[in-house]
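Subject: Structure handover

Hello,

Here is the structure I said I would pass on. Please open it alongside this email, and read the notes below with it in view.

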Amino acid sequence: MAEVITMPRLSDTMEEGNLVEWHKKVGDEVETGELLAEIETDKATMDFDSPADGFLLHIAVEEGAVPIDSVIAVIGEEGEDWKAAMSEAGGSSDNGSAKEESTEQAEAAEKTQDSTPAPASNAPAKEDSRIKASPLAKSMAKEAGIDLTSLSGSGDNGRIIKKDVEAAMNQPAAAPAVAPTPAAPAAQPAPKAEPAAPAVVPFSFSTSGENHQDVPVTQMRKVIARRLGESKFTAPHFYLTVEIAMENAIKLRKQLNEIAPVKISFNDLVLKAAAVSLKQHPAINSSWLGDTIRVNGDVNIGVAVAVEDGLLVPVVRHADMKTLSQINTEVKEMAGRAKIKKLQPQEMQGNTFTISNLGMFGIEEFTAIINPPDACILAVGGIIDKAVVKDGEVVPGKRMKVTLSCDHRVVDGASGAKFLNTFKEILENPVRILV
C-alpha cells in the first residue's frame, strides 16, 4: 500500500511548515532516509528525509505554507494508484491555508491532460490568460522586476516555480547594441559644441494611493508575533535599569585576549557574569507554569541573534560551568548557523534566561520582551564615554546600561534589584568571573 506523507512537526512551536524545495520529482525512486525536501519551520530550514522506500508517486504541494499533518506527497510502488492510497488514509491534498493547488484541481488538470495534447515544455505557463505560478515565485519575480509571461514553467502542468525565477535572475542581461559611429571628414574639424543646458525632470507622483508593498509573513515572523504577543500581554512586565562602570572589564578583556585562544568579546563577559549571578539568585532563573513556579538548577542562557526574517535564540547550556573561550566559540558557531537557518530545534530550547545585546548597533539603552518560558530577559546597551564624578572630581568614564525585564508573577522588584547589583559588582570587578 502506498504511504501518504504529511507535513511533520519539526519543532515544539511549529503549526505549519513552508515547503521550500523538493529534491525529488514525481517518478523518482527514493529510499528511507534519503533527502526528499527542504522545509522551513518557524525556527530554521531543515532537511526532510523520506520515511519510506519506493517511488514518489505524487507531490500534493509544490511549495508554500502547509499546516501540520496535511498531505504533501505519496510514496509507493511504481504505477500504484496514489489516489486510492489517499482515499484509504482519509487524506486530502487540499491543505487549507497552503498557497498551492488542491488535489481536486490537480486531478482536474490530469483529466484535461488525458484528453488534450500536453503543452510544449518551453511554452510560457499560462491558462486562460492567467499566469500559473506559485506564490513564492510571484513574489520573487515582483521583487526582481521579472515578467512572468516571459518564463517557462518546470512545475506540474507548466507552472512557474521558485527555481524558474532563480534561473531567470541568474541570466546575464543582454548588452544593448551600439551602432557604429561614422568617421568625421578629416578636412573639417568638428565645431566646438555649446554646453547643453541641464535637463530638469518634472516632478510627478501617483494619485492612486497605491504606493505600498505587501510582504508575505514568514513562518518565523508569525511565531515571533504570536509568542511575544502572548508574553507581552500575559506576563506583567516591569523593568529595572542599572549603569555599570566598565573600565576594569575593558582592562581584563585586553589582558585575556593576549593569552586566550580566541578573541573574547564584551558579550562573552556579560553572558558569563549573568550566569554566575543567576547561580546566586535562582528566583531570576525561574519559569511560570501556571500552578507552579519552576526554579531551574541549570543555567541555560539564550542569546538573541538577529537574522534576515526576525530573531533566533540559540541556547548556551550550563553557561556557569564554561570558560569565556568556550562561551565565545559556542556562541559564534551557533550564531553563524542561525543566520543561515541551520540551527536544530533542540539548540533553541531549554533556555532559563535570555540576553539581548544591541550595543554593537550603537543603542545605549532599551527594554526587551521576555522570551518564554523565562521569567526575565536582560537588555544590554553599548559602552559609551561620558563624564562621571569620582572622588569628588569630574573624570572621563566608560559606562554601560543594562535593563532587566521581569515577569512580576515570578520575580519581585527586590529580587530583580539584588540580581542586578550582583551582576554590576561582577562586571565592575570582573576577576570574580575567573574564580
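I293 touches S286, S287, W288, R409 and V410, leaving aside residues up to four places away in sequence. This is a predicted model. The contact with R409 bridges a gap in the chain: I293 and R409 are 116 residues apart in sequence, and their C-alpha atoms are 9.0 Å apart in space. I293 sits in strand β13, and so does V295, in a strand that covers residues 293-295.

Is I293 buried, partly exposed or exposed? I293 has a relative accessible area of 40%, so it is partly exposed. V295 has a relative accessibility of 52% and therefore counts as exposed, the cut-off for that class being over 50%. Together with W288, these two residues make a nonpolar surface patch of about 260 Å².

The chain as a whole

The chain has 435 residues, and 43% of them are buried. There are nine helices and 20 strands. The accessible surface comes to about 24,200 Å², with 53% of that belonging to carbon and sulfur atoms. Among contacts with a separation of 6 or more, 62% are between residues 24 or more positions apart.

Cores

In soluble globular proteins, nonpolar side chains tend to be buried together. Which residues have the most contacts inside the largest nonpolar core? They are I301, F353 and L378, in a core of 52 residues. Helix α7 (residues 266-280) gives the largest share of this core, with seven residues. F353 has a long list of partners beyond four places in sequence, including A274, L278, I284, I301, L378, L404 and F419. Another core lies apart from this one; it has 29 residues, among them V4, M7, A85 and M86.

Sheets

Strands of a sheet pair through backbone hydrogen bonds, either parallel or antiparallel.

One open sheet has six strands in the order β11-β20-β19-β18-β14-β17, with mixed pairing. Its edges are β11 (237-245) and β17 (315-316); each has a single partner strand, so one side of each is left without a neighbour in the sheet. Within this sheet, which strand pairs with β14 in the parallel sense? Strand β14 (residues 301-303) pairs that way with β18 (residues 353-357), over three bridges. One of the residues involved is V303, whose bridge partner in β18 is I355.

A second open sheet has four strands in the order β1-β8-β6-β3, and its pairing is antiparallel. The edge strands here are β1 (3-6) and β3 (29-30), each pairing on one side only. Four bridges join β6 (residues 54-59) to β8 (residues 71-76). For F55, the bridge partner in β8 is G76.

There is also a hairpin, in which four residues join β4 to β5. The two strands, β4 (residues 35-40) and β5 (residues 45-49), pair in the antiparallel sense over five bridges. I39 has M46 as its bridge partner in β5.

Salt bridges

Side chains of opposite charge can pair when their charged atoms come close. How many salt bridges does a search of the whole structure find? The search finds 14, and three of the pairs are described here.

E347 and R337 form one, with the closest N and O atoms 2.5 Å apart. E347 is in the loop between α8 (324-339) and β18, while R337 is in helix α8, and the two are ten residues apart. Both also belong to a network of salt bridges that includes E333.

D385 and K398 form another, with the closest N and O atoms 2.6 Å apart. D385 lies in strand β19 (residues 376-390) and K398 in strand β20 (residues 393-407), so the pair ties together parts that are 13 residues apart in sequence. D385 counts as exposed because its relative accessibility is 58%, whereas K398, at 31%, counts as partly exposed.

In the pair formed by E425 and R432, the closest N and O atoms are 3.7 Å apart. E425 is partly exposed, at 40% relative accessible area, and R432 is partly exposed, at 35%.

Regards

Note on methods. Residues numbered from 1 in each chain as written. Predicted model: local features only at pLDDT ≥ 70, side-chain atom pairs only at ≥ 80, totals over all residues. Heavy atoms only, no water. Pairing = 2+ DSSP bridges. Patch = residues over 30% accessible without salt bridge, like charges linked within 9 Å, V, L, I, M, F, W, Y side chains within 5 Å. Areas by Shrake-Rupley, 256 points an atom, 1.4 Å probe, with all protein chains shown as cover. Salt bridge = Lys/Arg side-chain N within 4 Å of Asp/Glu carboxyl O. Buried < 20%, exposed > 50% of the residue type's maximum accessible area, 1.4 Å probe, protein only. Core = buried A, V, L, I, M, F, W, Y, C linked by side-chain atoms within 4.5 Å. Contact = heavy atoms within 4.5 Å.
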